[in-house]
Amino acid sequence: MAKIKRTKNATRNIVFGVILRLYQIFVTFLMRTAIIYRMGVQYLGLNSLFTSVLQVLNLAELGVGSAMVYSMYKPIAEDDETTICALMKLYKTYYRVIGFVIVIVGCILTPFIPYLIKSDVPAGINIYVLYLLNLGAAVLSYWLFAYKNSILQAHQRTDVVSKVTLITSTVQYGLQIAVLWLFHNYYLFVIVALATQALTNIVTAVCVNKLYPQFKPKGKLPKNEVKAINKRVRDLFTAKLGGVVVNSADTIVVSAFLGLTVLAVYQNYYMILTSVIGFVSVVFSACTAGIGNSLIVETKEKNFNDLNKFTFLISWIAGICSCCFLGVYQPFMKLWVGDDLLLPFSAVIYLVAYYYIYEINQLLNLYKDAGGIWHEDRFRPLVTAIANVSMNLIMVQFWGIYGVLLSTVLSMMFVGMPWLFHNLFTTLFDRSQLRPYLNHLFKYTITAVVSCVIVLLICNFINFGLITTILLRLVVCVTIPFVIYIVLFWRSSEFKQSMLLLDNMTKGKLKLRKIFRIES
């Protein structure tokens, strides 16, 4: 079997992925600021609402992309070009059907859009037109060569997607800023997004054709293989459904019960949170194909050691980021949007708890997807989503935004994660390895909590001008958890393996082996 160059590809994907994320964070922040001051905060609420509604419509795709990429791992490892081409043809057919499904369902939902907005619709705005424009952008993303992305993902070359997106996003944001500044027209703003979505798909397809000219959508898979893929798609539909509902339900519930202004304030905070999540997602995305390949060609013990190593790294990163959120969130938001668009600090605590749990959950889901255990996991996300939506609808009426945040945290912590632990350690890993793994995770979580408390106590004494406060608190928020984790875990095998991984990815430039005296 052929092994893809996992470390090299992951490093390349992470580098370009981080560059893209930095760029997107900066420009998204710029765009939201422009909309607030040129159009009004309600337009941000509209944008967030339509994004969430379209995520629900994209349930038609759930399962297809991941199932097809997973199906390519083995033929790529075996250099089976015929099977890969046949998979591409099947993928192309599925995505054409998905586009039609989204059009039909989207049109059926059109009359109900006003019921998702409690108040604050900007004067002179036709929400039906805006909704249909956003629907058009979603459909184009499936009809224009979307199937070609599977080749890049399966070959662990998401760096290509990052480069293309970087170029097309620059075009999009430049035109959108010009539209807001010169024409003050939100309809044109959305039309630009629609056009650049098409441009992104076309350019990506050209790049795939140049990198992998041998792969064309042709041939036919055996019926038993198509049947197996369809089974994975069905299992993945329920598996992915939960994640989409959880992510979209909060936004829709806030809009329907609390209004567009509250939604915009919430989304300002959530945008910062998801920007940080996006950085870690770059690492996950870069490693998915490598882990899928590893699960096929490596031993179970090797893969479990890798899981422990990644868990330590993600816990460390999430712990540092959690400290930064607690210390810097409020002064940064005050500097950006002012006192009138702030959430109470207690809401920040809920957001931080959600963030940490989400990152650990994302790592576990990475292994679930890479291992293809969607059948065993098919009901868990759906039950988690039902629990979340049920608590959302009840709690929002009593506690407002707090109820929405708390319902998400509770559903993930007490329904989704325990079930996912069970599924992973009865399929990919041995059941006997679960207790040691949970012990490690518990230690990392306690360390993160202690670090957050110490950081919060210190940050309460750092109150100067907003910019000075943010900079000083950032230094404290990064340094303290960084040092605490090193002091507590530098002798552990997970720490040493993590440092070796980072050293390999940077080709020894960080000299971590020498600093921590680690033998290869």
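A crossing of two helices is called right-handed if the near helix is turned clockwise from the far one by less than a right angle. In this predicted model, the crossing of helices H15 and H16 is right-handed. Helix H15 covers residues 434–459, and its axis comes within 10 Å of that of H16, the two crossing at roughly 145 degrees.

The residues that form this contact can be followed along both helices. From H15 come Lys443, Tyr444, Thr447, Ala448, Ser451, Ile454, Val455, Ile458 and Cys459. Facing them, H16 contributes Arg473, Val476, Cys477, Ile480, Pro481, Ile484, Tyr485, Leu488 and Phe489. Sorted by class, the contact of H15 with H16 holds 14 nonpolar, 2 polar and 2 charged residues.

Helix H16, which spans residues 466–489, also packs against helix H11, residues 300–337. Here the angle is about 165 degrees and the axes lie 9 Å apart. Because angles over 145 degrees count as roughly antiparallel, H11 is described as roughly antiparallel to H16. H11 passes H16 in a right-handed crossing. The contact of H11 with H16 comprises 20 nonpolar, 4 polar and 2 charged residues.

A further pair to consider is H12 and H14. Helix H12 runs over residues 345–371 and helix H14 over residues 401–424. The two pack at an angle of about 25 degrees, with 10 Å between their axes. Angles under 35 degrees count as roughly parallel, and H12 and H14 are therefore roughly parallel to each other. The crossing in which H12 passes H14 is left-handed. In the contact of H12 with H14, the residues divide into 19 nonpolar, 4 polar and 1 charged.

Attention may now turn from the helix contacts to the open spaces. The second largest pocket contains about 660 Å³ of space. It is lined by 22 residues, of which Tyr356, Ile357, Met413, Thr445 and Val449 are the closest to its centre. Helices H11, H12, H14 and H15 are the elements that give two or more residues to this lining. Among these helices, H15 gives the most, with 10 residues. By class, the lining of the second largest pocket has 20 nonpolar residues and 2 polar ones, with no charged residues.

The enclosed spaces come next. A search of the whole structure finds 3 cavities of 30 Å³ or more. The second largest of the cavities holds about 80 Å³ of space. Its lining consists of Val246, Asn247, Asp250, Tyr266, Tyr270, Leu351, Tyr354, Leu405, Thr408 and Val409. At least two residues of this lining are supplied by each of helix H9 (223–258), helix H10 (260–297), H12 and H14. The lining of the second largest cavity has 7 nonpolar, 2 polar and 1 charged residues.

Two of the helices thus link these spaces to a contact described above. H12 and H14, which pack with their axes 10 Å apart, contribute to the lining of the second largest pocket and also to that of the second largest cavity.

How values were computed:
Residues are numbered from 1 along each chain as its sequence is written. This is a predicted model: local features need pLDDT of at least 70, side-chain atom pairs count only at pLDDT 80 or more; totals for chains, interfaces and linings use all residues. Side-chain values use heavy atoms; hydrogens and water are left out. Axes are lines fitted to C-alpha atoms, for helices over the stretch in contact, and angles run from 0 to 180 degrees between N-to-C directions. Helices (H or I, at least four residues) and strands (E, at least two) are DSSP runs, numbered from the N terminus. Angles under 35 degrees count as roughly parallel, over 145 as roughly antiparallel, 65 to 115 as roughly perpendicular and the rest as oblique. Ala, Val, Leu, Ile, Met, Phe, Trp, Tyr, Cys and Pro count as nonpolar, Asp, Glu, Lys and Arg as charged, and the others, Gly among them, as polar. Contact means heavy atoms within 4.5 Å. On a 1 Å grid over the protein atoms alone, a cavity is a set of points where a 1.4 Å probe fits but cannot get out, and a pocket is an open set with protein on both sides within 12 Å along at least five of seven lines; lining residues have an atom within 4 Å of a point. Grid points are joined across faces, edges and corners, and a volume is the space filled by probe spheres set on the points.
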